[in-house]
Amino acid sequence: MSTSTLVAGVLWLVTLWRLPSLRHSRKQRSLALTLATLAAAMTFEVPQVKEAVEAAVGVDARLSPLLKHLLGVTSAAYLLDFVIAVVRPQGLARRTRLVAAGVTLPLMLTFYALANWTPGGPVRLGEGRGALFPVLYMAVFTLYIGIAMFVATWLFLGGVRHSRTLLGKAGLGFLGLGTLLGSLYAIQRIIFVTVELASGTSFPELENLLSTTLKQATVLSVAIGVCLPPLSVAVEYVAAWSTLRKLLPFWVQLTEAAPYVVLATSVGGWRIPFRLERCVIEIEDACLALREYVSIDMYAKAQRFVCQEGVDAQLSSALAEACWLRAAVQIAQNGERLGGVAYPPLGVTGRDRASELSWLRAVSHAYLSSPVVSEFVRQEHSISHAGRFGKDLLT
């Protein structure tokens with residue numbers, strides 16, 4: 001299997017993966033069309049495809065390079081649409097971009113039709129009266145690709161710092177690298193053409209090697225860049241599933257004591273992020289409800305108990321909250337709400353999303369498995385039981 005076949009195959013796989021996004025936002029549609037046109041363009045680099053096209057229309061027609069270049073320009077136009085939608089959602093020179101693409105494609109077709117191509121030679125120079133048109137054709141094609149790739153590189157690399165995830169940054173970085181390589185492809189084409197026109201010297205083997213290498217590296221870098229951001233979504237999905245799995249036993253304990261906080265609407269099992277959001281909301285609502293069964297004195301007592309047990313300072317707050325929550329759950333079974341007292345503060349209040357989840361995981365772990373929490377609740381239960389027993393004796 002040739003390298004060009006492998007590259008085209010990879011691109012088609014990525015294209016098929018992203019094809020359903022055609023019906024989504026304009027940004028996703030532009031990306032899907034970028035991949036589809038780029039994959040089609042690279043397909044004409046596959047030797048078997050090139051031979052089949054030449055056999056169908058004739059070798060002299062040289063249709064494969066024309067189709068490849070037209071698809072390359074179209075792909076570059078869609079790629080610009082995509083990166084602008086990602087980095088500059090307010091838009092950037094839309095009318096200019098439409099005019100540039102609308103002028104480039106007809107000019108390429110016109111110059112290609114008028115050109116007198118050198119049989120078997122590079123798609124660049126001709127002979128006789130039509131010798132100028134191959135130069136004009138390649139000038140228009142290379143100029144559009146070069147400018148489009150330069151602008152895309154500037155936008156992709158400039159957008160890296162605005163991405164909120166590591167994989168998102170890496171994806172934009174690879175896309176920026178791919179468009180930078182595309183710019184280098186255009187530059188090297190210009191250099192070889194200039195050298196040949198100025199001195200009559202050509203380096204077809206070196207030019208072909210550099211051109212093919214840069215094109216394939218561009219395509220693979222773009223393919224990797226496209227795949228990484230969706231992987232960040234998958235990573236976030238798995239992280240949400242892991243957090244939900246850890247919080248569910250805690251949720252069960254709290255909502256059994258305060259069942260009225262559970263929302264009635266059912267949620268599909270596959271909607272993990274939404275289920276996690278709902279789980280967190282219901283845990284926080286249950287904590288608000290349960291703190292009405294204990295006073296701030298219980299909270300202070302839990303803090304003192306945790307400190308006496310020599311718990312690490314970073315974990316002491318979460319353990320103290322787990323202590324009074326478990327005590328409140330036990331008290332709630334008898335329905336003895338307290339009135340006219342100050343209630344314990346919630347440690348989750350005022351945190352950002354990541355800190356909120358980290359805090360709830362720590363409280364959940366302490367609530368379910370910490371021997372310190374179990375001992376605190378046991379002692380409180382004994383004190384409460386002894387108090388009630390003393391009252392019974394007095395009455």
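The following dialogue asks how labels are given to some charged residues in a predicted model.

Tutor: Residues are numbered from 1 along each chain as its sequence is written. Local features of this predicted model need pLDDT of at least 70, side-chain atom pairs count only at pLDDT 80 or more, totals for chains, interfaces and linings use all residues, and side-chain values use heavy atoms, with hydrogens and water left out.

Student: Why is the contact of R97 and D81 called a salt bridge?

Tutor: A salt bridge is a side-chain nitrogen of Lys or Arg within 4 Å of a carboxyl oxygen of Asp or Glu. For R97 and D81 the N to O distance is 2.4 Å, so the pair qualifies. The pair links distant parts of the chain, with R97 in helix α5 and D81 in helix α4, 16 residues apart. Helices here are DSSP runs (H or I, at least four residues), numbered from the N terminus.

Student: What makes R97 buried or exposed?

Tutor: Buried means under 20% relative accessible area, exposed over 50%, and partly exposed in between (1.4 Å probe, protein chains only). R97 has 17%, so R97 is buried. D81 has 15%, so D81 is buried.

Student: How do you know that R353 forms a salt bridge with E277?

Tutor: Their closest N and O atoms are 2.8 Å apart, so the salt bridge rule is met. R353 is at 33%, so R353 counts as partly exposed. E277 has 35% and is therefore partly exposed.

Student: What makes R353 and E356 a salt bridge?

Tutor: The N to O distance is 3.1 Å, so this pair also fits the rule. Both residues lie in helix α12, three residues apart. E356 has 13%, so E356 is buried.

Terms used: Helices (H or I, at least four residues) and strands (E, at least two) are DSSP runs, numbered from the N terminus.
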